[in-house]
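Reader: I'm new to reading protein structures. Could you walk me through this one, step by step?

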Amino acid sequence: MPTDTPATAFPGLILGIESSCDETGVALVRAEAVGVPRLEAHALHSQIEMHQAYGGVVPELASRDHIRRVLPLTRQVLAEAGRRLEEIDVVAYTRGPGLAGALLVGSGVACALAAALDRPVIGVHHLEGHLLSPFLSADPPEFPFVALLVSGGHTQLMRVDGVGCYQILGETIDDAAGEAFDKSAKLMGLGYPGGPALSRLAEHGDPQAFRLPRPLLHSGDLDFSFAGLKTAVLTQARKLGDALEDRKADLAASTQAAIVEVLLKKSMTALRQTGLRRLVVAGGVGANRQLRTQLDAACRQARVRVHYPELHLCTDNGAMIAMAAAMRLQARPASAGTLYSFDVRPRWPLDSLERPEP
Ligand code: KG4
Ligand code: ZN
């Protein structure tokens with residue numbers, strides 16, 4: 001990020017804008033020079049209903065809807081926090097990864113607002129937002145920790161030693177965990193995004209009804225693979241034919257059990273291998289109740305502390321973007337700049353992020 005501006009003064013008020021996919025999120029976070037920054041207000045508009053008719057996200061529609069939502073949501077958070085626009089010290093936006101057109105809306109608005117207010121901007125990595133979102137909870141973690149990042153597009157295990165110190169220990173070689181939920185749900189006719197629907201249905205089913213594969217469970221490394229699972233679910237669904245309707249809850253429960261078992265076992269292996277005693281779970285799939293229940297039990301037994309984002313902050317939101325910006329600025333106040341170049345990075349590996357040296 002450009003550093004052509006005086007360092008951000010603390011305490012500071014940070015506006016965060018998220019628009020990487022199908023949720024427009026805006027939030028205000030207040031940060032002191034040290035200590036965990038505090039969320040003042042956040043607002044979200046989900047486009048899920050709009051995309052449902054198409055069975056998935058339509059990028060062009062997503063961009064157009066972000067345009068409609070971002071300023072009203074900004075007014076809403078300012079009103080909720082009792083703040084004026086001029087009180088904003090830094091504007092943060094999601095720079096990537098995500099849909100290029102959608103990202104351009106958030107970055108364009110962020111840069112325009114910052115230029116008009118004569119304030120610096122900071123482009124935030126979406127996954128860093130997810131990763132640091134548990135710091136918004138009542139029980140924030142402390143570095144270092146192992147992070148299980150499970151979203152619709154990513155599945156990674158990481159060693160996290162501080163802001164920007166992200167070492168990838170393992171990741172998916174094909175589909176993400178959220179994708180496995182979504183694709184399996186889709187072929188069971190549960191709509192989009194199917195993760196939450198599949199897990200609700202699974203509560204009424206038998207997780208051992210169908211023996212589905214646990215890909216790479218015994219691979220000895222920390223990588224994941226979920227593409228084969230989706231094929232196995234499809235094969236099972238075809239085999240059931242007309243009986244699928246009656247056995248859907250069992251198939252959902254068995255699918256969820258396969259995904260959760262792999263995520264659980266690999267997370268515990270990562271903790272053992274690193275010797276770390278703290279696990280942070282982040283990303284949309286982190287909202288999954290079975291995953292939480294099983295991780296809680298395994299971590300209790302292994303005497304490991306486990307942290308999650310608040311349930312409503314597991315999926316995409318502006319609070320995590322404002323929070324990640326706040327923590328980056330605390331680590332290096334000159335991380336924000338005034339070049340307003342609003343460049344986006346639709347593809348952006350998390351471990352290429354720099355550690356912000358003060
Ligand atoms: O983190 P996120 O909002 O978006 C990305 O950055 O990708 O994650 C969305 C993913 C979707 O695949 C959705 O189906 C999944 O998270 N998800 C869930 C649950 N809630 C959201 N998967 C399983 N169980 C849930 N309760
Ligand atoms: Zn996300």
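Author: Sure, here come some questions and answers about the sheets, the loops and the ligand. One thing up front: this is a predicted model.

Reader: Okay, let's take the sheet that holds E1. In what order do its five strands lie?

Author: The sheet is an open one, and its pairing is mixed. From one strand to the next, the twist averages 20°. Going across, the order is E3-E2-E1-E4-E5.

Reader: Which strands stand at the edges there, and why is one side of each left without a neighbour?

Author: An edge strand has a single partner strand, so one of its sides has no neighbour in the sheet. The two strands in that position are E3 (38-46) and E5 (121-125).

Reader: In what sense do E4 and E5 pair, and which residue of E5 is the bridge partner of Gly-96?

Author: Strand E4 covers residues 90-96, and the two strands pair in the parallel sense over five bridges. For Gly-96, the bridge partner in E5 is His-125.

Reader: What about helices on this sheet? At about what angle does H3 run to E4?

Author: Helix H3 (residues 100-117) packs on the sheet and touches E1 (12-18), E4 and E5. Another helix, H10 (residues 318-331), lies across E1, E2, E3, E4 and E5, at about 35° to E2. Back to H3: its direction and that of E4 make about 160°.

Reader: Let's look at the loops. Which peptide bond just before Pro-97 or Pro-193 is cis?

Author: Start with Pro-97, which sits in the loop between E4 and H3; the bond from Gly-96 into Pro-97 is cis, with omega near -15°. Pro-193 lies in the loop between H5 and H6. There, too, the bond is cis, with omega near -15°, and it runs from Tyr-192 to Pro-193. That gives you Gly-96 to Pro-97 and Tyr-192 to Pro-193.

Reader: And what's up with phi of Asp-118?

Author: You'll find Asp-118 in the loop between H3 and E5. Its phi is positive, in a residue other than glycine. The value is near 60°.

Reader: On to the sheet with E6. Which strands are at its edges, and why do they have a free side?

Author: This open sheet is mixed too, with the order E8-E7-E6-E9-E10. Each edge strand has a single partner strand, so one side is left without a neighbour in the sheet. Those edge strands are E8 (165-171) and E10 (305-307).

Reader: Which residue in E8 is the bridge partner of Arg-159?

Author: Strand E7 (residues 155-162) pairs with E8 in the antiparallel sense, over six bridges. Within E8, the partner of Arg-159 is Gln-167.

Reader: Now the ligand. How far is an oxygen atom of ligand 1 from the side chain of Asp-182?

Author: There are 18 residues around ligand 1, and Asp-182 is one of those that come nearest, along with His-130, Gly-152, Gly-284 and Asn-288. A backbone N or O atom of Gly-284 is 3.0 Å from a ligand oxygen, and for Gly-178 the backbone distance is 3.3 Å. For an N or O atom in the side chain of Asp-182, the distance is 2.6 Å.

Reader: How much of ligand 1 does the protein bury?

Author: By class, the shell around ligand 1 has four nonpolar, twelve polar and two charged residues. Taken alone, ligand 1 exposes 560 Å². Of that area, the protein buries 86%.

Methods: Residues numbered from 1 in each chain as written. Chains lettered and ligands numbered in written order. Predicted model: local features only at pLDDT ≥ 70, side-chain atom pairs only at ≥ 80, totals over all residues. Heavy atoms only, no water. Pairing = 2+ DSSP bridges. Helix = DSSP H or I, 4+ residues; strand = E, 2+ residues; numbered from the N terminus. Axes fitted to C-alpha atoms, helices over the stretch in contact; angles between N-to-C directions. Contact = heavy atoms within 4.5 Å. Near = heavy atom within 4 Å. Polar contact = N/O pair within 3.5 Å; in protein donor to acceptor, adjacent residues only side chain to side chain. Areas by Shrake-Rupley, 256 points an atom, 1.4 Å probe, with all protein chains shown as cover. Nonpolar A, V, L, I, M, F, W, Y, C, P; charged D, E, K, R; others polar.
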